[in-house]
Amino acid sequence: MAEKSSIFDMIGPVMIGPSSSHTAGVVRIARAAIRILGAAPEEADITFYNSFARTYEGHGSDRAIVAGLLDFKTDDKRIKDAFEHAAAKGLKYKFKSIGNASAMHPNTVKLNLKSADREVEVIGQSRGGGIIRIVEVDGFTANFSANQHTLIIDADDVKGSIAFIASVVAHDDCNIATMSVSRKGKHELARHFLEMDSGIKPITLEYLRQLSWVKQIIYIPNIDL
């Protein structure tokens with residue numbers, strides 16, 4: 001009798017498993033999230049919603065998300081053994097499923113990550129074909145794909161801040177593909193999300209960090225590079 005094959009037995013150049021939504025996209029969401037965290041996570045609470053909630057074990061999304069948290073790329077053969085690699089790294093994680101979240105995209109996952117000195121919450125959607133959207137970071141509405149260079153800036157909600165940031169980036173010869181700003185309320189902390197066609201220079205990042213009204217900067221180069 002032939003041995004029963006695993007969904008991970010066949011590994012292609014851009015996708016692991018039977019569905020790019022349930023595997024490659026999930027890996028990429030996790031890889032984006034650890035860059036927002038800025039460190040390798042020590043603990044992860046992982047919540048799958050809707051379609052993901054019903055299929056994450058059978059389609060391998062559980063292994064894919066853990067592999068992404070270990071920063072494995074979508075074509076990494078280690079994905080099928082992600083749980084074992086996570087145990088070796090000391091990564092603690094747990095899964096939760098919510099199958100009827102009508103306001104959310106069918107393939108949504110939320111990651112609550114902790115490192116030694118930082119915590120983040122990231123919500124991402126897998127759109128198919130390995131395409132993702134990060135739609136929320138720490139309660140701030142976002143809308144970026146992580147396949148371009150992404151700049152996340154926390155700043156005081158001061159007059160002219162959006163135009164000033166855009167001008168500084170433009171003077172670095174970076175073309176802004178998308179830009180969105182989310183804030184909790186008027187004159188409260190605002191979070192700026194910029195997607196750029198090219199990378200930004202370290203000196204420009206340092207200049208922005210020195211501004212008195214800028215509180216934090218996270219720079220995420222294209223995660224596929």
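# Reasons behind the labels

Biologist: Why is Asp-224 called partly exposed in this predicted model?

Modeller: The relative accessible area of Asp-224 is 41%, and a residue is buried under 20% and exposed over 50%. Since 41% falls in between, Asp-224 counts as partly exposed.

Biologist: What makes the contact of Asp-224 with Arg-28 a salt bridge?

Modeller: The rule asks for a side-chain nitrogen of Lys or Arg within 4 Å of a carboxyl oxygen of Asp or Glu, and the N to O distance between the side chains of Arg-28 and Asp-224 is 2.7 Å, so the pair satisfies the rule. Asp-224 belongs to the segment after strand 10 (214-220) and Arg-28 to helix 1 (residues 24-37), and the pair therefore ties together parts that are 196 residues apart in sequence.

Biologist: How do you know whether Arg-28 is buried or exposed?

Modeller: Arg-28 has a relative accessible area of 7%, which is under the 20% limit, so Arg-28 is buried.

Biologist: Why is the pair of Glu-195 and Arg-133 called a salt bridge?

Modeller: The closest N and O atoms of Glu-195 and Arg-133 are 3.8 Å apart, which is within the 4 Å limit, so the pair is counted as a salt bridge. Glu-195 sits in strand 9 (residues 190-196) and Arg-133 in strand 5 (residues 131-137), so parts that are 62 residues apart in sequence are tied together by this pair. Both partners fall under the 20% limit, Glu-195 with a relative accessible area of 2% and Arg-133 with 16%, so each of them counts as buried.

Biologist: What makes Lys-201 and Asp-172 a further case of a salt bridge?

Modeller: Their closest N and O atoms are 2.8 Å apart, within the 4 Å that the rule allows, so Lys-201 and Asp-172 form a salt bridge. Lys-201 is in the loop between strand 9 and helix 6 (202-209), whereas Asp-172 is in the loop between helix 5 (161-171) and strand 8 (176-183), so the pair ties together parts that are 29 residues apart in sequence. Salt bridges that share partners also join Arg-31, Arg-35 and Asp-71 into one network, and by this rule the count comes to 10 salt bridges.

Biologist: Why does Lys-201 count as partly exposed, and why does Asp-172 count as buried?

Modeller: Lys-201 has a relative accessible area of 45%, between the limits of 20% and 50%, so the label is partly exposed; Asp-172 has 7% relative accessibility, under 20%, so the label is buried.

Biologist: What makes Glu-42, Glu-43, Asp-45, Asp-117 and Glu-119 a negative surface patch?

Modeller: Asp and Glu count as negative, and a patch takes residues with over 30% relative accessible area and no salt bridge, joining like charges within 9 Å. These five residues form such a patch. Asp-117, which is found in the loop between strand 3 (107-114) and strand 4 (119-128), has a relative accessible area of 71%, and this value is over 50%, so Asp-117 is exposed.

Biologist: What is notable about the phi of Asn-50 and of Ala-146?

Modeller: Asn-50 has a positive phi of about 55° although it is not a glycine, and Ala-146, likewise a residue other than glycine, has a positive phi near 70°. Asn-50 lies in strand 1 (residues 43-50), while Ala-146 lies in the loop between strand 6 and strand 7 (149-155).

Biologist: How do you know whether Asn-50 and Ala-146 are buried or exposed?

Modeller: The relative accessible area is 9% for Asn-50 and 0% for Ala-146, and with buried meaning under 20%, Asn-50 is therefore buried, as is Ala-146.

Biologist: How do you know whether the radius of gyration of the protein chain agrees with that of a compact globule?

Modeller: With 225 residues, a compact globule would have a radius of gyration near 17 Å, and the protein chain has 18 Å, so the value agrees with that expectation. The C-alpha atoms fill a box of roughly 70 × 35 × 30 Å along the principal axes, the protein chain holds six helices and 10 strands, and buried residues make up 49% of its 225 residues.

Key. Residues are numbered from 1 along each chain as its sequence is written. This is a predicted model: local features need pLDDT of at least 70, side-chain atom pairs count only at pLDDT 80 or more; totals for chains, interfaces and linings use all residues. Side-chain values use heavy atoms; hydrogens and water are left out. Patches are made of residues with over 30% relative accessible area and no salt bridge: like charges are joined within 9 Å, nonpolar side chains (Val, Leu, Ile, Met, Phe, Trp, Tyr) within 5 Å. Accessible areas come from the Shrake-Rupley method with a 1.4 Å probe; for residues, only the protein chains shown count as cover. The place of a charge is taken as NZ of Lys, CZ of Arg, CG of Asp or CD of Glu. Helices (H or I, at least four residues) and strands (E, at least two) are DSSP runs, numbered from the N terminus. Buried means under 20% relative accessible area, exposed over 50%, partly exposed in between (1.4 Å probe, protein chains only). The radius of gyration is taken over C-alpha atoms; the globule rule is 2.2 Å times the number of residues to the power 0.38.
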